[in-house]
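Biologist: Please take a close look at one part of this model, the open sheet, and describe what is packed around it. I would like one connected account.

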Amino acid sequence: MNRLLKKIPTPLKGKIVERKEACRMCDSKSGDKIGEVDFWDIKNSDIVKCEKCGLMQLDPMLTQEETAKGCFAYYIEESLRTSPKDQGKNLLRNFRRGFLFGMSLKRKKIIPQQILELGPGSGYFSEGVKFVFPNANVTVMDVNKEVLLINKRTHQFNTIESIPETYDPELENKFDLIIARDIIEHVIDIGKVIKNVKAYLKNQGIFHFITPNGHEDVWKHYLTYNELNKKSELLINHVNYFDGKGLLDYLERNDFSSLEYYTYKLKTTRRGRGWKVDTKLMAPVSQQKNSSFYIEKEFEKVSQENFDKKDVLNKWYIHKNRKLATYFLSWYHHANLITLAPELNVGHEIYGLFRVTKK
Ligand SMILES: [Zn+2]
């Protein structure tokens, strides 16, 4: 423990600056400048940490068009790095996670009927949840038509083409459960997204998210700027870096109360990864990546291989009647995680399960 604590960095500090845009969570106009980033070849921006709420954000933020372009380029770049075999494994992993998450809800006597997933990716997480709650009705929201098509075709989910910031009055009070896994670090206006999640949930509805712990996620940019006085590359499009306490306070101010809130994945923390100057961790800024090149020239190389749901889930079904395995897995889900309070700013990922009480 002592060795771990030694690796925990001092709080992120930078020069206090006037922000170009106000904080999207608390409207504060000033903050600590903690990095300078290039988002592909699309935009140069700063990362500023809010003085009041601790949220670290791009300042100025990306526009919707810039986000869409960079995300698509990243999707192509990442797909080219992942073999079809690994892609298939990832689908099954997401299904298993959805199943285990569903089991954890069941243990809490939470039985969702109407589910909304924001940014569903392959849809296999919600498919896993639906395995536990076969009568549940799943709707997915995404800005990308391809993603929606895959979700409709593979899982027969209802689809909504939208960004989560856009308020849709027809969705008001409609859902028992809203899922946002690895989404909120990407959204342009986190304040609007949380308000919409609240509006779309029924009273006592559940909000589940995972998101990187901002304090670990931002460290590379922080060190590149502070130790090397250089810009870093923002290929992965994380535009929000959450502070555990700030995020909790914000959710509580918006009438969410926590059922589960912790950080997990401590491997990176234990190794102190990202918390020392290591040039290997820094993106090669000199090779600024050309987004149009990926979109125009590389897209055709991306494997269009269709994964048949039966093949993906085949391994799962072999085991599904083995009760012992199921119980073991669902125990493992929680027991394997050494979890910490997000307020400690340690651990790679934040897990949240919240209930909203509408007044
Ligand atoms: Zn703020």
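Modeller: What follows goes through the sheet, its neighbours, the core and a few backbone details.

The model is predicted. Its open sheet has 7 strands in the order 7-6-5-8-9-13-12, and the pairing is mixed. At the edges are strand 7 (158–161) and strand 12 (256–264), each of which pairs on one side only. On average, neighbouring strands of this sheet are turned by 15 degrees against each other, direction ignored.

Two of the pairings can be followed in detail. Strand 9 (residues 201–212) and strand 13 (residues 349–356) run antiparallel and are joined by 7 bridges. Within that pairing, Ile206 has Arg355 of strand 13 as its bridge partner. Strand 5 and strand 6, by contrast, pair in the parallel sense, over 5 bridges. Here Ile115 stands opposite Val138 of strand 6. Strand 6 is largely enclosed by the rest of the structure, because 5 of its 6 residues are buried.

Two helices can be placed against this part of the sheet. Helix 5 (residues 145–155) packs on the sheet and touches strand 6 (137–142) and strand 7. The direction of helix 5 makes about 175 degrees with that of strand 7. Helix 4 (residues 124–132) is mostly covered, with 7 of its 9 residues buried. The buried residues of helix 4 include Tyr124, Phe125 and Val129, but also Glu127 and Lys130. Together, the buried residues of helix 4 pack against helix 3, strand 5 (114–118), strand 6, helix 5 and strand 8 (175–181).

The sheet also has residues in the nonpolar core. The largest such core has 78 residues, and those with the most contacts inside it are Ile178, Phe207 and Val218. Helix 3 (residues 84–107) gives the most to this core, with 6 residues. Leaving aside neighbours within four places in sequence, Phe207 is in contact with Ile178, Val197, Leu201, Phe256, Phe354 and Val356.

Leu248 gives a view from the side of strand 12. Leu248 sits in helix 9 (residues 244–253). With 20 other C-beta atoms within 10 Å, Leu248 meets the cut-off of 20 or more and is therefore buried. Apart from neighbours within four places in sequence, Leu248 is in contact with Ser258, Tyr261 and Pro342. The C-alpha atoms of Leu248 and Cys53 are 195 residues apart along the chain and are separated by 10.0 Å.

Some backbone details remain. Asp182, in the loop between strand 8 and helix 6 (190–200), has a phi near 55 degrees, a positive value in a residue other than glycine. Asp182 counts as partly exposed because it has 14 C-beta neighbours inside 10 Å. Trp40 also has a positive phi, of about 45 degrees, although it is not a glycine. Trp40 is found in the loop between strand 2 (30–39) and strand 3 (43–50). Trp40 is buried, with 22 other C-beta atoms within 10 Å. A cis peptide bond, with omega about 0 degrees, joins Asp59 and Pro60. Pro60 lies in the loop between strand 4 (56–59) and helix 2.

Methods. Residues are numbered from 1 along each chain as its sequence is written. This is a predicted model: local features need pLDDT of at least 70, side-chain atom pairs count only at pLDDT 80 or more; totals for chains, interfaces and linings use all residues. Two strands pair if DSSP finds at least two bridges between them. Helices (H or I, at least four residues) and strands (E, at least two) are DSSP runs, numbered from the N terminus. Axes are lines fitted to C-alpha atoms, for helices over the stretch in contact, and angles run from 0 to 180 degrees between N-to-C directions. Two residues are in contact if their C-beta atoms, placed from the backbone, lie within 7 Å. A residue is buried if 20 or more other C-beta atoms lie within 10 Å of its own, exposed if 12 or fewer, and partly exposed in between; C-beta atoms are placed from the backbone. A nonpolar core is a set of buried Ala, Val, Leu, Ile, Met, Phe, Trp, Tyr and Cys residues joined through C-beta atoms within 7 Å.
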